[in-house]
Amino acid sequence: MIEFFLKLFSIMPLKLNHWVGTLIGRLLYLSNSQSEQVVRKNIEICFPNLTKAQQQDLIKKSLIEAGKGLSESGFVWFNSFKHNAKHIVKTKGAQYLQGDENTILLVPHFGCWEITARVVSLHRPTTFMYKELQDKKQNALLLSLREQQDLYMAAANKKGVLKLQRAFKDKQLIAILPDQYPGEKGSVVSPFFGQNAQTMTLLVKLARKNKAKVLMAWAARLDKGKGYELNIKPVNILSSTGRVEDDVALMNQAIEQLVKTKPEQYLWNYKRFKGIICY
């Protein structure tokens, strides 16, 4: 059933796809869904200075963007990389992808990170770390859709970390979404929008160990299904102290600065503060 709907979304023009995604988001907002409750909690924590009306408006917009994220997944996965690339109407910073130096892409859960991975891999082979799904059939489907052409996937486990190290040796880009809950192992508690969050240490450790440059990469959605703007930007997340805690704090600050540009496009229906607060 999931595959059927993903394929249905894939044949829609992007404008229609995002219109359907908007309807999904509105339903999530009006139905007092679990997603709405998580978004509300996160918005209240991260934007305490907004009025109640402003918070409510951001909650609604965030769920609409989450709905677009659901519908556009099929559009991205079941179409070719070149088809995806046609919907990138503007690219900033593509020159930073050139060369063969060790490079890590810091890819926050912002905009459409699925299309970011695919289009970047057209510039240079890329190994992308992902979190495996518990359902083995769904995980196999997801892996088959993601791992194509010059885009390779590495599971978020010890074998996956070794695969990332091999990718460096092969002069590939490696990409990590560092703002997902990593558990207590492999993480430190670090501020994010003024609230402590369990935050992954892998990205900063790999950057130091491999003397890698770090590029933040994101594809912002444009209004009315007009496409995406791909951005590649160097970020400095390695502190002068050399302490992992300070590196992670800089990384969270960089993500926070991006989120503030279009806060509705961040994945607020994810339990970002899991393990710290009760959802």
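## Sheet

In this predicted model, seven strands form an open sheet with mixed pairing, in the order β1-β9-β8-β2-β5-β3-β4. Its edge strands, β1 (88-92) and β4 (151-155), each pair on one side only. Neighbouring strands are turned by 25° against each other on average, direction ignored.

At one edge, β1 pairs with strand β9 (residues 228-234) in the parallel sense, over four bridges. Thr 91 has Leu 230 of β9 as its bridge partner. Helix α8 (residues 158-169) packs on the sheet and touches β2 (103-106), β3 (126-130), β4 and β5 (173-176). The direction of α8 makes about 145° with that of β4.

## Arg 221

Strand β8 (residues 213-221) contains Arg 221. This residue counts as buried because its relative accessibility is 4%, under the 20% cut-off.

The side chain of Arg 221 makes a polar contact of 2.9 Å with the side chain of Glu 65. A polar atom of the Arg 221 side chain also lies 3.1 Å from the backbone oxygen of Gly 111. Leaving aside residues up to four places away in sequence, Arg 221 touches His 18, Glu 65, Lys 68, Gly 69, Glu 72, Gly 111, Cys 112, Gly 227, Tyr 228 and Gln 265.

## Helices α1 and α4

Helix α1 (residues 2-10) and helix α4 (residues 52-77) have axes that come within 7 Å and cross at roughly 75°. The two helices are therefore roughly perpendicular.

On the α1 side, the contact is made by Leu 6, Phe 9 and Ser 10; on the α4 side, by Leu 70, Ser 71, Ser 73, Gly 74, Phe 75 and Trp 77. By class, this contact has five nonpolar and four polar residues, with no charged residues.

Conventions:
Residues numbered from 1 in each chain as written. Predicted model: local features only at pLDDT ≥ 70, side-chain atom pairs only at ≥ 80, totals over all residues. Heavy atoms only, no water. Axes fitted to C-alpha atoms, helices over the stretch in contact; angles between N-to-C directions. Parallel < 35°, antiparallel > 145°, perpendicular 65-115°, else oblique. Contact = heavy atoms within 4.5 Å. Nonpolar A, V, L, I, M, F, W, Y, C, P; charged D, E, K, R; others polar. Buried < 20%, exposed > 50% of the residue type's maximum accessible area, 1.4 Å probe, protein only. Polar contact = N/O pair within 3.5 Å; in protein donor to acceptor, adjacent residues only side chain to side chain. Pairing = 2+ DSSP bridges.
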